[in-house]
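Trainee: Please take one helix of this model and look closely at how it is packed against its surroundings. From there, please work outward to the elements that follow from it.

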Amino acid sequence: MLMTHIIHRSLRQTPPFAVGASGVTVYDSAGNAYLDASGGAAVSSLGHGHPDVIAAMHRQIDRCAYAHTAFFTTEVAEELADTLVARAPAGIGAVYLVSGGSEAMETALKLARQYFVEGGEEGRSLFIARRQSYHGNTLGALAVGGNEWRRKPFAPLLMEVPRVAPCYEYRDRRDNQSVDEYTAALLDELETAIIKAGPDKVIGFVAEPVVGATGGAIPPTPGYFKGVREICDRHGILFIADEVMCGMGRTGTLFAIEQDGVAPDIITVAKGLGGGYQPIGAVLAQGAIVERLRQGSGSFLHGHTYIGHPVAAAAALAVQQVIERDGLQQQVQRRGATLKRMLGDVFGKHEHVGDIRGRGLFLGIELVRDRATKEPFAPERKLHAAIKAEAMARGLMVYPMGGTIDGQRGDHILLAPPFIVSASE
Ligand code: PLP
């Protein structure tokens, strides 16, 4: 296999060269076409090559391709922030624009910490997170994430994070437990962890409203996040919702947490924000959080060279405008329901399919060795890798993850096609 100078994800294999992309299809240099059924990693919300997004980027490049935020702001970054705030859950009043999901998470963690420091609560230094979670690969985001195998080599560099059970009904709810009882037990575990850590030591609770890469589109049980909100309020800690993967319309509402009727203190978004046209992410914060910093030190002790990048902002603004103009949010709801039904028709009784789940066009299939006992396949089999290779060979992109390690119990396939996908595709 041809080796190149890039440090690819596998150091033993160079992936195919992508030379073209249009709609829901990506083309490689060998002339193969791939149906992008995962939007990359739930990134391509509008599909590839959308002329309106490309035109908006061109206009911004011609006008002002870059202006450092220590000197200037730009109309396009301001308009993007206004657009996000106007559509965000109650109380969200400020936006910090970054270049991706991990950066958004790092920013969120630091903003949350500074909020307490400026309130005179320097003793708060802990984040509580869930065992099944992925929040990014930079050191802070990695520390809060649940993938033990990702953290292990870097453990001495990472902050300590108490972890609680995820909301994973398919695997964890006992047969003799009602959904409400299961949810109450999870919430009890969270509250116990906060009390054990000492509520005045805790900054916040971090969770993905719909679990993505480590679980294959696992939605919460009804009432779970309402309970989380109440517990966070009771102990004066922040609720940080990581919507990097599940946000920006992917689940059928702009923010996944809208469907749980809850307003987080901080929300992170990325992938679907720019839909892959530019690297961009954002942190959305309650107005009161930023107001405390404004009244206090007057600045957020953070910053990267490319925050508020005008071309990235132009791409994101155009993506979000097209989604609204073309009614694609409704399309996500319709197509998501169709895809889920079809997956059920085709795979619902398959001996190795344990569960089909998700929200909108964010769907997961959990594979099991034994459907009755839910026993997963042995991690050494690397079933998910084999499925990805087989799908690619057949011209299909799906996003498989797996193993029975820590929070990642079982192999699963994530499907997240672009919102423009047609019923026949
Ligand atoms: N948070 C979640 C929920 C994610 O799924 C991801 C990426 O998959 C990240 C954070 C990190 O985002 P990025 O890969 O853009 O750094």
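Mentor: A crossing of two helices is called left-handed when the near helix is turned anticlockwise from the far one by less than a right angle, and right-handed when the turn is clockwise. The model is a predicted one, and the helix chosen here is α3, residues 75-87.

The partner to begin with is helix α12, residues 310-325. The axes of α3 and α12 approach within 8 Å, with a crossing angle of roughly 40°. Angles under 35 degrees count as roughly parallel and those from 65 to 115 as roughly perpendicular, with oblique for what remains outside the named ranges; α3 and α12 are therefore oblique to each other. In the sense just defined, their crossing is left-handed. On the α3 side the contact is formed by Val76, Ala77, Glu79, Leu80 and Thr83. Facing them from α12 are Pro310, Ala313, Ala314, Ala316, Leu317 and Gln320. Sorted by class, the contact of α3 with α12 comprises eight nonpolar residues, two polar ones and one charged one.

Helix α3 also has a relation to strands: it lies across β4 and β10, and runs at about 135° to β4. These two strands, β4 and β10, are antiparallel and joined by six bridges. Strand β10 spans residues 281-286, and its glutamine 286 stands opposite isoleucine 92.

The pair belongs to an open sheet of seven strands with mixed pairing, in the order β4-β10-β9-β8-β7-β5-β6. Each edge strand, β4 (92-98) at one end and β6 (163-164) at the other, has a single partner, so one side of each lacks a neighbour in the sheet.

A second helix pair may be set beside the α3 contact. Helices α4 and α11 (residues 287-295) have axes that come within 9 Å and cross at roughly 55°. That angle makes α4 oblique to α11, and the crossing is left-handed. From α4, the residues in contact are Leu111, Gln114, Tyr115 and Glu118, while α11 supplies Ile289, Arg292 and Leu293. This contact of α4 with α11 holds four nonpolar, one polar and two charged residues.

Helix α4, residues 101-118, leads on to the ligand, since it supplies the largest share of the shell around the ligand, namely three residues. In total 15 residues surround the ligand, and the closest are Gly100, Gly101, Ser102, Val244 and Met245. By class, the ligand shell consists of seven nonpolar, six polar and two charged residues.

The N-terminal strands complete this account. Strand β1 (residues 18-22) pairs with β2 (residues 25-28) in the antiparallel sense through four bridges, with glycine 20 opposite tyrosine 27. The two form a hairpin with two residues between the strands, and glycine 23 in the turn has a positive phi of about 60°. Strand β2 is joined in turn to β3 (residues 33-36) by three bridges, again antiparallel, and valine 26 has tyrosine 34 as its bridge partner. In the hairpin of β2 and β3 four residues lie between the strands, and glycine 31 in the turn has a positive phi of about 90°.

How values were computed
Residues numbered from 1 in each chain as written. Predicted model: local features only at pLDDT ≥ 70, side-chain atom pairs only at ≥ 80, totals over all residues. Axes fitted to C-alpha atoms, helices over the stretch in contact; angles between N-to-C directions. Parallel < 35°, antiparallel > 145°, perpendicular 65-115°, else oblique. Contact = placed C-beta atoms within 7 Å. Nonpolar A, V, L, I, M, F, W, Y, C, P; charged D, E, K, R; others polar. Near = placed C-beta within 6 Å. Pairing = 2+ DSSP bridges.
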